[in-house]
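Reader: I'm just starting out with protein structures and I'd love a close look at one part of this one. Could you take me through a sheet, then show me what else is worth seeing around it?

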Amino acid sequence: MKMKHYANEQFPHLIHGGDYNPEQWIDTPSVWDEDMRLMKLANCNEMTVGIFAWSALEPQEGKYDFSFLDETIDRVYQNGGRIMLATPSGARPHWMADKYPEVLRVDGKGQRMHFSARHNHCFTSPVYREKVREINTLLAKRYGNHPAVIAWHISNEYGGECYCPLCQNAFRDFLRRKYEGDIGKLNRAYWTSFWSHTYDSFDQIEAPSELGERSIHGLNLDWKRFVTAQTVDFIKNEIAPIKEICPSVPVTTNMMYAFDGLNYNKLGEVLDIASWDSYPEWHSGDQEKTAQNNAFWHDFFRTLKGRPFLMMESTPSLVNWKEINKPKRPGMDLLASVQAIAHGSDSVQYFQWRKSRGSVEKFHGAVVDHVGTEHTRVFQAVKRMGEILGQIDEIAGCDVSAEVAILYDWENMWALDDSQAFAKNKKYTETCYGYHKALWKRGINCDIIGTDADLSKYKLVIAPMLYLTSEATIDKLTTYVAAGGTLYATYMLGMVDENDLCYLGGFPAGNLREVFGIWNEEIDTLFPEETGEVVMGGKTYPTVDYSEIIHAEGATVLATYGKEFYAGMPAFTSHVYGKGKAYYQAFRDTGLFQDEVLETLSNQLGLQRSIPSPAGGLPYGVTAHTRTDGQTVYLFVENYSDNPVGNIELGAEMTDMLTGERRTACSLPRYGFAIFKSQDKS
Ligand code: GLA
Ligand code: ZN
C-alpha cells in the first residue's frame with residue numbers, strides 16, 4: 001500500500017511560490033496585473049501573503065480595510081494558485097505602539113524600545129495578545145474557508161526576549177508553578193548558597209541580564225525555557241481563533257537556521273507543519289560543508305513533525321544581510337531547491353516574489369527584479385524549477401526513512417554554552433554537523449531528534465556532547481541500548497542534570513556509567529594550536545580541543561591516547577549492555593576518526609545507503625538521498641562541488657524522472673543533480 005504524508009493535506013502537491021507583498025504596490029495596480037501574468041509564467045502555484053501587512057489591514061485602530069487581500073486571494077486563486085495566509089504579528093502598526101507602549105519590548109537594561117523594525121513585540125503583553133487575537137479572528141472568518149487558503153503562516157521568524165515588568169512577572173509565575181511555590185526548592189535546584197545568592201521569595205527573582213544576575217546557571221536555563229514557553233503560549237493565542245473557525249487548515253510558522261534562542265522541539269508541538277527559511281552561504285569556501293550543514297537543518301525540520309516539511313523561504317539569487325552577498329551561480333539556483341525536496345520538503349518557496357523599491361530589503365534577491373520582466377537569469381531559473389517540480393510532483397508526501405538519528409538538544413546547548421570551563425566555545429552544533437557529515441557523504445538518510453523522540457525505531461543513535469542529560473534521558477538511553485540499540489556517544493556525556501547541577505558519583509551519570517562501562521575522571525582541554533593523538537589498530541589520528549581521561553570499567557578499549565600523561569589510556573570504547581552496544585568516544589577528532597567509525601558501524605548495522613558508496617564516502621561534494629511512499633523509491637543524486645563528476649553508480653537500474661531514460665549510473669556537471677525513480681514494488 002502507498003503511504004503518503006503530505007506536508008499539506010489541503011494541497012497534495014509540491015508547492016512552488018513564496019512571500020508576496022502586494023500591499024507595497026497598492027498605488028500601482030498595473031504591477032498586480034503583471035504579477036499574475038508572471039506567476040503563471042514562473043510555474044508558481046502558491047503565494048504567501050499578509051506577512052507584515054497589519055498597517056494595510058488595520059490602518060487605524062478598529063478601522064479595517066481588507067480590499068487588497070480580498071483581491072489578491074481571489075486573483076491568485078483564479079490564476080490557478082493557492083495561498084498561505086500569514087497572521088501579521090511579526091510587525092505592528094505605529095498607532096498601536098503609540099497608544100499601547102506595552103506592546104514594545106524592553107531590553108536587558110530595562111529600556112523600552114521605540115517603535116522600529118520588526119519581530120520585537122512583548123510576548124506577554126495582554127494588549128498585544130488581544131490585538132493579535134482580534135485581527136487573526138477577522139482574517140480567519142474572512143478567509144479561513146476560502147478554497148485558495150491551504151495553510152496559515154503564523155507570524156514570522158519568532159525570536160528574542162523581553163524584560164518588561166509583565167514578562168518579569170510572568171517569569172516569576174512560571175517559576176512558582178515549576179517549583180510548586182516553594183522557594184527552598186528553587187534555591188536547592190539553583191545551588192544559590194554559592195556567593196550568598198539565596199532567594200527569600202519568588203518576588204526577588206529577576207530575569208538574568210547584563211545588569212543583573214547571570215551567575216546562577218539554573219536560573220539562566222529556566223529563563224531560556226521560559227522564553228520558549230512564553231513564545232509557545234503566544235503562538236497558541238495566535239492559533240486559537242484559527243482552529244476554532246477553520247480547524248482543517250494547517251498552521252505553521254517559519255523557523256530559522258541554527259537559531260539558538262528557542263527550543264524548536266517545543267514549537268513543533270503546537271504546529272501542524274514544520275517550515276523553515278533556508279539561506280546557506282553558497283560559494284563561500286568549502287561548498288560541501290555549506291551543503292551538508294544546510295542538509296542537517298532540512299533533516300531537523302523534517303524530523304520535527306516526522307513527515308514532509310516546507311522550505312518556506314529561500315532566496316532565488318542573493319540575500320542582503322551577510323558580509324558579502326553573492327548571487328547563486330547558475331545551477332546552484334536549482335540544486336539548492338532540489339536539496340530541500342531530497343530531504344523531505346514538499347515545497348520550494350522564495351523570499352521574495354517581487355523586490356521592494358525601498359527600505360532595507362530593496363536589494364534582496366527576488367523572483368521579479370526591479371527591471372520588472374521575465375527576461376532575467378533568475379526568473380528563468382525559477383521558471384525551470386517550476387517545470388521540474390511539475391515533472392516530479394508524485395514525490396509530494398513521500399517520507400524520508402532513516403535508520404540513524406543524531407540527538408540534538410537545545411537545553412543541552414544552553415547549559416553547555418553557559419558552563420565556564422573547558423573551552424569558551426564548545427562548538428556543540430558544529431560537532432553534531434561533524435557526525436552528520438559522515439552519513440551525508442555516504443548517502444545515509446539521517447533524522448535529527450530531540451530528547452523526547454522515540455528511539456526504538458533507530459538502529460543507531462549518535463549523541464554528541466550530551467552534557468545535560470536529564471534523568472529521564474538517562475533512562476531512555478539505557479532502555480534503548482538494553483533493548484538492542486546501538487548508541488554512539490562522546491565526551492561530556494551525562495555531566496549535569498536538568499537543573500544544571502553536576503551529577504555526583506562519577507561521569508557519565510547514573511546508569512550510563514554501566515551502559516558504557518567507563519568512568520570519565522577528568523577532561524583535558526587543548527589550546528587551538530595543540531593537537532593530541534589517538535591510536536587505533538596501529539593507526540594514529542590527530543585529536544583537537546578535548547581529551548577525556550577515562551577508565552574502562554568493563555568496556556572493550558578500541559583506541560588509546562598516544563600522547564600526554566594519559567598516553568595508553570582508553571580513548572574509544574565499546575560495551576555490550578543488554579541486547580545492545582554502547583560506544584564512547586572520549587575525545588574530539590578532526591573528523592577522520594569518526595568518519596572511519598561510522599563507515600564500520602554503518603556496515604556492521606547494515607544501514608541503508610541511497611547509492612553504493614566507497615569506504616571513504618562519495619566524491620567531494622556528492623551525496624544522495626531517498627524518499628519513498630513505501631513502494632516506489634525516489635533517489636536524488638546531488639553534486640555541490642565546483643567540478644563535474646562522472647560515473648556515479650546507482651546500484652540498480654532506475655528511471656531518470658527528467659529525461660525518462662533508464663540508467664544504472666549517472667554523471668553530473670558542476671552543481672548538477674538527477675532524480676530517479678525505482679520500479680514499483682507492487
Ligand atoms: C527572513 C524573513 C524575511 C526576510 C528574509 C531575508 O527569513 O522571514 O522576511 O527578511 O529573512 O533573507
Ligand atoms: Zn515583555
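Author: Let's start with β6 and strand β7 (residues 275-277), which pair in the parallel sense over 2 bridges. If you want a spot to click on, try M255, which stands opposite W276 in β7. Keep in mind that this is a predicted model, not an experimental one.

Now widen the view a bit. The pair belongs to an open sheet of 3 strands, in the order β6-β7-β8, and the pairing is parallel. At the edges sit β6 (254-255) and β8 (310-313), each with a pairing on one side only. As a bit of background, strands of a sheet pair through backbone hydrogen bonds, either parallel or antiparallel. Then there's a helix to add: α10 lies across β6, β7 and β8, and runs at about 160° to β7.

So where does α10 turn up again? It helps to line the largest pocket, giving two or more residues, as do α6 (165-178), α8, α9 (264-269), α13, β11 (446-449) and α15 (471-482). That pocket has a volume of about 850 Å³. There are 36 residues in its lining, and the ones closest to the centre are N263, K266, E269, T451 and D452. Sorted by class, the lining has 12 nonpolar, 11 polar and 13 charged residues. The largest share, 6 residues, comes from α8.

Since α8 has come up, have a look at what it packs against. Helix α8 (residues 217-245) meets helix α13 (residues 410-418) at an angle of about 145°, and their axes are 10 Å apart. This crossing is right-handed. On the α8 side, the contact is made by H217, N220, L221, K224, R225 and T228, while α13 brings E411, W414, A415 and D418. Count them by class and you get 3 nonpolar, 3 polar and 4 charged residues. Just before α8 there's a little oddity: the loop between α7 (183-190) and α8 holds W195, whose phi is near 55°, a positive value in a residue other than glycine.

There's another open sheet to set beside the one we began with. This one has 6 strands in the order β5-β4-β3-β2-β1-β9, again with parallel pairing. Its edge strands are β5 (251-252) and β9 (347-350), each pairing on one side only. Strand β1 (residues 15-20) is joined to β9 by 4 bridges, and the two run parallel. For a marker here, find G17, whose bridge partner in β9 is Q349. Helix α3 (residues 67-78) packs on this sheet and touches β1, β2 (46-49) and β3 (82-86), with a direction at about 150° to that of β3.

Follow the chain on from β9 and you come to the loop between β9 and α12 (377-391), where Q352 is found. A cis peptide bond joins F351 and Q352, with omega about 15°. For context, most residues other than glycine have a negative phi, and most peptide bonds are trans. There's a cis bond between F507 and P508 too, with omega about -10°; P508 is in the loop between β13 (486-490) and α16 (512-516).

One last stop: the second largest pocket, with a volume of about 680 Å³. Of its 23 lining residues, Q24, F52, A91, R118 and S359 are the closest to the centre.

Notes:
Residues are numbered from 1 along each chain as its sequence is written. Chains are lettered from A and ligands numbered from 1 in the order in which they are written. This is a predicted model: local features need pLDDT of at least 70, side-chain atom pairs count only at pLDDT 80 or more; totals for chains, interfaces and linings use all residues. Side-chain values use heavy atoms; hydrogens and water are left out. Axes are lines fitted to C-alpha atoms, for helices over the stretch in contact, and angles run from 0 to 180 degrees between N-to-C directions. A crossing is left-handed if the near helix is turned anticlockwise from the far one by less than a right angle, and right-handed if clockwise. Contact means heavy atoms within 4.5 Å. Ala, Val, Leu, Ile, Met, Phe, Trp, Tyr, Cys and Pro count as nonpolar, Asp, Glu, Lys and Arg as charged, and the others, Gly among them, as polar. On a 1 Å grid over the protein atoms alone, a cavity is a set of points where a 1.4 Å probe fits but cannot get out, and a pocket is an open set with protein on both sides within 12 Å along at least five of seven lines; lining residues have an atom within 4 Å of a point. Grid points are joined across faces, edges and corners, and a volume is the space filled by probe spheres set on the points. Two strands pair if DSSP finds at least two bridges between them.
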